[in-house]
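Open your viewer and get ready to click along with this tour. At each stop you will find something to select and a short note on what is there.

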Amino acid sequence: MDQNLKIELGKQGVFVTTIQELYNWGRRSSVWPMQFGLACCAIEMIATTMARYDMARFGAEVFRPSPRQADLMIVSGTVTKKMAPQVVRLYNQMAEPRYVIAMGACAISGGPFKQGYNVLKGIDRYIPVDVHIPGCPPRPEALLQAFITLQKKIDGQHLTGEDRPRFLDAGAQGEFPVPEQGEHDLEPTSNQGVWPVQIQGLGTRD
Amino acid sequence: MLSGSTTTNHESLARGAKLKSIEEIKSAIEAAVPGVGVEVVPNSSPSVQHSLRVAPRSAIAVATFLRDDAELAFDFLSNVTGVDWPDKEVSEKVKVTRLARKIVDGVEQEVEETVDETRKRVEPGYLETVYHLYSVAKKHGPVVLRMRTVNRTDQVELPSLTPIWRSAELQEREIFDLYGIEFKGHPDLRRILMWDGFKDHPMRKDYVEPDDYEYEPTAHDQVLARAQAHRAAKTAR
């Protein structure tokens with residue numbers, strides 16, 4: 001429908017919308033994040049929810065302590081290899097529709113600990129991430145920006161068709177394998193379903 | 001974990017009561033604990049933080065004395081850390097006398113001659129723990145205790161000082177986890193940072209970290225070298 005016509009009708013007191021717009025508006029306007037923090041980024045996340053930055057303006061003030069009631073996982077901080085299976089397990093326990101924001105250098109890539117033996121080099125090796133925020137730690141404004149980006153992403157989702165989101169696709173993968181803690185490293189070292197890394201000339205890993 | 005205290009003995013002396021010199025402490029220990037194995041490990045760096053190396057068999061007695069002695073009263077264990085000393089190859093020149101056949105005055109004879117020979121031997125490595133002691137009551141310290149294992153493979157046991165200073169508990173667990181020193185008498189010796197099924201000791205010098213450098217978009221320095229090695233290995237396969 002033509003946008004101008006819609007505005008014109010709105011002035012006349014006639015509101016026109018689509019199921020998709022209404023549905024996406026409802027979902028994006030009350031995204032409940034899960035209440036868990038992993039490292040220093042969590043402090044910035046807490047600041048974002050408090051009065052000065054006030055994430056409640058965007059409908060995301062209700063931090064739920066249970067993954068069953070949460071829509072959004074903010075991976076705020078360093079994911080150590082000891083912690084990674086628990087993060088994946090928490091993500092599995094969340095109900096669809098669910099979203100992930102990887103917050104900060106550690107969560108997106110391992111950050112300053114990338115060369116170490118004990119830190120996961122990015123949570124997107126095991127679970128699908130919707131928005132990545134760089135920064136060490138990112139400022140609360142950056143988290144708000146990421147959240148607005150996520151809302152835009154939700155707004156643009158089609159309810160039908162090939163590109164419909166995972167929760168509307170009965171055949172989509174719902175559970176993500178939890179890595180085992182092996183003798184030297186996590187096994188497997190990544191989930192090929194969400195981390196199909198192409199190395200130039202080598203194809204996918206293994 | 002490897003960083004020690006930067007406080008020098010001079011500074012701590014200025015602040016608190018006069019602490020005995022390390023030799024005096026050693027003599028006091030030897031007087032109080034008969035048959036003790038203790039020696040001074042000098043430190044020639046600007047910190048001049050000398051330490052006492054204690055034989056593991058007498059560690060508990062020495063620690064108890066240092067804590068309970070009225071004058072020393074080391075009631076606070078501030079830091080416990082581990083050090084890995086790998087096997088070291090030493091080459092030294094030795095004079096060797098041997099028999100050689102030589103022609104002397106036109107006649108072949110057996111003559112003794114002395115030759116310089118370079119011999120290489122491997123000094124076995126060991127693991128070491130370092131304890132930093134302070135006295136809150138007397139406002140002095142630190143005194144540094146060291147203990148060494150026999151080697152770094154199968155005889156890696158040391159007595160735990162947790163029964164003497166409770167604050168050693170978590171730090172000894174960390175050393176057990178990262179260096180593999182087994183503390184006898186520790187109340188709860190489990191891994192603390194890595195998971196239980198983990199086999200390696202990451203702070204040891206010969207630790208080989210997992211090869212997970214398959215994707216390095218901005219690799220540089222060491223990581224670049226590793227990523228390239230990883231890719232080369234993948235191509236060869």
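Before counting anything, it helps to know that helices and strands here are DSSP runs, with at least four residues for a helix and at least two for a strand, numbered from the N terminus. Keep in mind, too, that you are looking at a predicted model.

**Stop 1: chain A as a whole**

Select chain A. It has 6 helices and 7 strands, and along the sequence they follow the pattern α-α-α-β-α-β-α-β-α-β-β-β-β. Turn the chain around: its C-alpha atoms fill a box of roughly 70 × 40 × 35 Å along the principal axes. Of the 206 residues in chain A, 33% are buried. Among contacts with a separation of 6 or more, 75% are between residues 24 or more positions apart.

**Stop 2: strand β1 of chain A**

Now select residues 72-76 of chain A, which form strand β1. Is this strand enclosed or not? All 5 of its 5 residues are buried, so β1(A) is largely enclosed by the rest of the structure. Show the side chains next. In a regular strand, side chains alternate between the two faces of the sheet. Here A:Leu72, A:Ile74 and A:Ser76 point one way, while A:Met73 and A:Val75 point the other way.

Add residues 99-103 of chain A, strand β2, which runs parallel to β1(A) and is joined to it by 5 bridges. To see the pairing, find A:Ile74, which stands opposite A:Ile101. Then trace the path between the two strands: the chain goes from β1(A) through helix α4 (residues 84-93) to β2(A), making a right-handed β-α-β crossover.

**Stop 3: the largest nonpolar core**

Which residues touch the most other members of the largest nonpolar core? Select A:Met73, A:Val75, A:Val79, A:Ile101, A:Ala102, A:Met103 and A:Ile123; the core has 41 residues, and these are the ones. Elements of chain A that each supply at least two residues to this core include β1, α4, β2 and α6 (140-155).

Centre on A:Val79. Leaving aside neighbours within four places in sequence, the residues in contact with A:Val79 include A:Leu38, A:Val87, A:Cys106 and A:Ile123. Another core, of 34 residues, lies apart from the largest one; B:Ile22, B:Ile164, B:Tyr179 and B:Met203 are among its members.

**Stop 4: a lysine in a loop**

Select A:Lys114, in the loop between α5 and β3 of chain A. This lysine has 18 other C-beta atoms within 10 Å, so it is partly exposed. Beyond its neighbours within four places in sequence, A:Lys114 is in contact with A:Ser109 and A:Lys121. For a sense of scale, draw a C-alpha to C-alpha line from A:Lys114 to A:Gln173: they are 29 Å apart in space and 59 residues apart in sequence.

**Stop 5: where the chains meet**

Show both chains. In this model, 15 residues of chain A are in contact with 17 residues of chain B. The side belonging to chain A has 4 nonpolar, 6 polar and 5 charged residues.

**Stop 6: strands of chain B**

Finish with residues 126-135 of chain B, strand β6, where 8 of the 10 residues are buried, so the strand is largely enclosed by the rest of the structure. Strand β3 (residues 76-85) of chain B runs antiparallel to β6(B), with 9 bridges joining them; look for B:Asp84 opposite B:Leu127.

β6(B) also pairs with strand β7 (residues 140-148) in the antiparallel sense, over 7 bridges, and B:Ser135 stands opposite B:His140. These two strands form a hairpin with 4 residues between them. For your last click, choose B:Lys139 in the turn, which has a positive phi of about 55 degrees.

Note on methods:
Residues numbered from 1 in each chain as written. Chains lettered and ligands numbered in written order. Predicted model: local features only at pLDDT ≥ 70, side-chain atom pairs only at ≥ 80, totals over all residues. Buried ≥ 20, exposed ≤ 12 C-beta atoms within 10 Å, placed from the backbone. Pairing = 2+ DSSP bridges. Right-handed = clockwise from strand over helix to strand, strands pointing away. Contact = placed C-beta atoms within 7 Å. Core = buried A, V, L, I, M, F, W, Y, C linked by C-beta atoms within 7 Å. Nonpolar A, V, L, I, M, F, W, Y, C, P; charged D, E, K, R; others polar.
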